[in-house]
2 protein chains.
Amino acid sequence: MGTVAKALSLLDLFTLARPEIGLSDLARLSGMNKATVYRMVSELQAEGLLEQTGTRAYRIGPAVLRLAALREATVPLRAAAMPLLQRLSDRTGETVHLSFLEGGKLGTYAFTYADAHGTSVRMEDAAVLPFHATASGLAVLAYLPPDRREALLTPPLAGFTAATQTDAARIRAALSQVRASGIAVSTGGFEADVSSLAVPLFAADGSVTGALAVATPVSRMTDALRARIAQALTDTAPALGALWGASPLLQDTPPPPVPEPTD
Amino acid sequence: MGTVAKALSLLDLFTLARPEIGLSDLARLSGMNKATVYRMVSELQAEGLLEQTGTRAYRIGPAVLRLAALREATVPLRAAAMPLLQRLSDRTGETVHLSFLEGGKLGTYAFTYADAHGTSVRMEDAAVLPFHATASGLAVLAYLPPDRREALLTPPLAGFTAATQTDAARIRAALSQVRASGIAVSTGGFEADVSSLAVPLFAADGSVTGALAVATPVSRMTDALRARIAQALTDTAPALGALWGASPLLQDTPPPPVPEPTD
DNA sequence: ACCAAAGGTTCAAATAATGAACCAATCAAA
DNA sequence: TTTGATTGGTTCATTATTTGAACCTTTGGT
């Protein structure tokens with residue numbers, strides 16, 4: 001792991017729940033030396049990726065807004081995807097959630113709510129999803145090349161709820177199911193009261209790039225709803241893939257053109 | 001300059017005009033070795049700050065969207081500032097433009113248009129402003145500590161138009177004017193047909209953090225309009241500063257509490 | 001079939017990152 | 001106010017990483 005990667009990994013310590021972090025905490029959380037962290041945050045600050053608050057704690061800086069504007073101007077994907085997500089929300093009556101592989105992480109990209117129900121699953125933007133504990137993560141994991149998959153399945157796997165599956169062997173078995181059906185399911189693995197279905201999304205070259213998911217409160221999930229959501233997901237995924245030039249040939253072939261890995 | 005800063009400086013090579021850059025071009029533009037650049041972009045890519053297109057060129061990656069969402073959740077400044085900017089636009093009938101110091105750079109943060117005129121100055125989000133050639137830049141420069149100011153004024157200064165002032169001595173003289181009046185003026189220094197007025201913005205600790213500017217087509221700028229804009233700017237700046245806790249005491253003291261530096 | 005330029009890779013040499021220890025400032029409790 | 005613990009920040013010899021010339025392979029144009 002190079003110095004640059006280590007410095008950038010500091011950015012991932014900031015979350016909605018922990019938006020400001022002091023120097024000592026940053027050193028503790030990252031496991032790096034305080035002097036090292038200090039030099040890194042100084043460089044990140046000079047670039048505007050971090051900034052220091054009045055209490056000397058660090059937080060994400062204003063430069064990311066400029067970069068984000070540049071990103072959306074370059075790849076106006078979110079704008080194009082939102083109507084598709086909204087239609088899927090309306091059709092299923094549930095929260096829809098689009099995530100993409102960002103380097104080695106699965107990041108939330110966009111989501112939409114239905115206004116059908118009084119209760120719905122609340123999503124956070126700015127979230128990174130665990131691969132082994134979410135439907136989206138499993139959908140991606142199932143179609144990742146074996147080496148990358150195994151790297152992400154090496155113990156210890158974090159437990160988020162009592163229902164989180166942390167046994168790598170069982171997860172591998174679940175991934176075979178995902179490949180067989182083309183759909184990933186997860187119930188309460190990340191958030192206790194949430195049940196999700198997800199389908200993988202593929203890049204133009206056939207590699208997996210993200211996932212499209214529908215999340216419902218566990219109390220509402222039934223076999224009938226599951227079937228309706230699965231149908232809606234497989235209907236929507238090709239149109240979404242078309243936005244970045246993925247082949248619509250995948251449309252009627254649930255197990256996509258990634259060979260069943262020999263694991 | 002540390003390795004991290006060098007790697008991050010690559011991000012600044014991407015602009016709206018040049019949103020995708022190949023490896024060799026990145027090496028040329030940055031003046032770094034190709035192998036060095038390659039390792040850096042690989043690390044930036046692993047973090048999702050860059051991504052590679054089908055043609056192997058690099059562009060800003062999706063992770064910046066996640067970070068931007070986190071930033072706005074942490075510091076919902078843009079949302080709070082926009083109505084103030086819009087009022088200023090409506091009042092002056094011109095384009096308003098808010099920029100902040102991001103580390104060593106002056107980055108565009110937000111802008112609003114008036115719908116009064118058929119013509120107006122178009123701004124780009126995702127833009128970095130030169131200090132010596134814009135009203136915003138001069139406003140900031142005037143109140144920066146002498147060492148930081150001098151660092152930014154060391155020749156060679158880039159020329160953007162025939163009217164760009166690139167003589168550091170003359171710019172220093174102009175900065176005295178800015179400190180005397182509390183307002184910076186620039187005509188055609190960055191974009192040929194644009195004339196701007198700007199006031200500095202100060203952080204809670206009294207240090208300069210950015211600028212608020214009004215930009216008009218040169219053809220429309222008159223002394224009368226200049227006076228009206230200057231008034232509108234000095235009226236708005238305190239309310240804007242209040243958003244981040246800057247002292248409203250500055251309201252009626254055009255030369256803010258930064259001592260006239262001995263230069 | 002050719003050439004030029006691109007992306008990507010290698011390895012010894014050079015340089016930058018590292019971490020233990022240190023200082024000064026802040027804060028809470030005694 | 002004294003104490004003690006913790007914070008942000010700094011130093012410097014040791015160490016490990018980055019660097020860059022040269023190399024290979026692929027791509028695209030003529």
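**Exercise 1.** In strand 8 of chain B, which residue is the bridge partner of S99(B)?

*Solution.* The model is predicted: local features need pLDDT of at least 70, side-chain atom pairs count only at pLDDT 80 or more, and totals for chains, interfaces and linings use all residues. Residues are numbered from 1 along each chain as its sequence is written, chains are lettered from A and ligands numbered from 1 in written order, and side-chain values use heavy atoms, without hydrogens and water.

Step 1. Find the strands, which are DSSP runs of E, at least two residues, numbered from the N terminus; helices are runs of H or I, at least four residues. Strand 3 (95-102) and strand 8 (208-217) of chain B pair antiparallel over six bridges. Pairing requires at least two DSSP bridges.

Step 2. Read off the partner: A211(B).

**Exercise 2.** Place these strands in their sheet.

*Solution.* Step 1. The order in chain B is 5-4-3-8-7-6, an open, antiparallel sheet of six strands.

Step 2. Strand 5 (128-129) and strand 6 (184-187) of chain B are at the edges with a single partner strand each, so one side of each lacks a neighbour in the sheet.

**Exercise 3.** Identify phosphate contacts to DNA strand D.

*Solution.* Step 1. Apply the polar contact cut-off: N or O atoms within 3.5 Å.

Step 2. Take the side chains. An N or O atom of Y38(A) is 2.5 Å from a phosphate oxygen of DNA strand D. For R39(B), the distance is 3.0 Å.

Step 3. Add the backbone. An N or O atom of L23(A) lies 2.8 Å from a phosphate oxygen of DNA strand D.

Definitions and conventions: A polar contact is a pair of N or O atoms within 3.5 Å; within protein, one must be able to donate a hydrogen and the other to accept it, and residues adjacent in sequence count only if both atoms are side-chain atoms.
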